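Morning, everyone. I have one model to show you, and a few local spots to walk through. Let's put it on the screen.

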Amino acid sequence: MEQIDHRENQAEMNEIVLRKNTTSVEMSEHVSLDAFVQEDSGDFTSAENESHVYKLKSMIYHQGKDCGAGHYIADAIRLKPHDGAVAPSSGSAGRTEWVCFDDSTTCVTTLNNILSDEERKKTAYLLLYLL
């Protein structure tokens with residue numbers, strides 16, 4: 001058995017190296033957690049055949065070479081501006097649009113553009129889904 005001298009290796013042990021993970025993330029409009037939900041756990045009651053499918057609502061991306069510096073941008077779904085005649089209903093998918101927020105700049109985009117963008121897949125930081 002080999003003995004390690006902690007005094008010699010202390011500098012190495014206290015040094016933490018952070019590296020940005022640029023592995024491409026597969027993003028999708030829907031995520032199903034049905035395979036991971038255990039029914040009748042005893043802690044709560046759940047309706048039989050209840051769906052656990054979540055819909056993508058926004059994403060945050062980190063642009064930069066490493067963890068210590070960079071820039072964040074976000075894509076999010078919002079209700080389309082309306083003319084004031086009829087208030088938009090929250091359940092109407094046709095009244096929503098995807099918007100890219102980058103500091104003081106915003107632009108309308110599409111979910112297809114977001115999900116097919118290779119740079120977004122590599123810089124994805126946080127994906128937010130809603131049941």
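Start at the surface. Tyr72, Tyr125, Leu126 and Leu128 make a nonpolar patch of about 400 Å². Keep in mind that this is a predicted model. Which strand gives the most to that patch? Strand 6, residues 124-130, with three residues. Tyr72 comes from elsewhere: its place is strand 3, residues 71-79. Tyr72 is partly exposed, and its relative accessible area is 42%. Patch residues need over 30% relative accessible area, so Tyr72, at 42%, clears that cut-off.

Stay on strand 3, and move along to Asp75, which also sits there. Buried or exposed, this one? Asp75 is buried, because its relative accessible area is 0% and the limit for buried is under 20%. What does the Asp75 side chain pair with? The side chain of Arg120, through a polar contact of 2.7 Å. Now the surroundings. Leaving out residues up to four places away in sequence, Asp75 touches ten residues that I'll split in two. One group is Lys57, Ser58, Met59, Tyr61 and Trp98. The other is Val99, Cys100, Thr109, Ile114 and Arg120.

Cys100 on that list takes us to the cysteines. How many disulfides does the structure hold? Zero. A reminder: a disulfide is a covalent bond between the sulfur atoms of two cysteines. Why is Cys100 not in one? Its closest cysteine sulfur, in Cys107, is 4.7 Å away, too far for a bond. The cut-off here is 2.5 Å. Read it from the other end: for Cys107, the closest cysteine sulfur is that of Cys100, again at 4.7 Å, so no bond there either. As for exposure, Cys100 counts as buried, at 10% relative accessibility. Cys107 is at 42%, so it counts as partly exposed.

Last stop, Ser32. Where is it? In strand 1, residues 30-32. Ser32 is partly exposed, with 40% relative accessible area. Its side chain has a polar atom 3.3 Å from the backbone nitrogen of Asp34. What does Ser32 touch, once residues up to four places away in sequence are set aside? His52 and Val53. One more distance, this time between C-alpha atoms. Ser32 and Ser51 are 19 residues apart along the chain, and their C-alpha atoms are separated by 8.1 Å.

To recap: a nonpolar patch led by strand 6, a buried Asp75 joined to Arg120, and zero disulfides. Over to you.

Conventions. Residues are numbered from 1 along each chain as its sequence is written. This is a predicted model: local features need pLDDT of at least 70, side-chain atom pairs count only at pLDDT 80 or more; totals for chains, interfaces and linings use all residues. Side-chain values use heavy atoms; hydrogens and water are left out. Helices (H or I, at least four residues) and strands (E, at least two) are DSSP runs, numbered from the N terminus. Buried means under 20% relative accessible area, exposed over 50%, partly exposed in between (1.4 Å probe, protein chains only). Contact means heavy atoms within 4.5 Å. A polar contact is a pair of N or O atoms within 3.5 Å; within protein, one must be able to donate a hydrogen and the other to accept it, and residues adjacent in sequence count only if both atoms are side-chain atoms. Patches are made of residues with over 30% relative accessible area and no salt bridge: like charges are joined within 9 Å, nonpolar side chains (Val, Leu, Ile, Met, Phe, Trp, Tyr) within 5 Å. Accessible areas come from the Shrake-Rupley method with a 1.4 Å probe; for residues, only the protein chains shown count as cover. A salt bridge is a side-chain nitrogen of Lys or Arg within 4 Å of a carboxyl oxygen of Asp or Glu.
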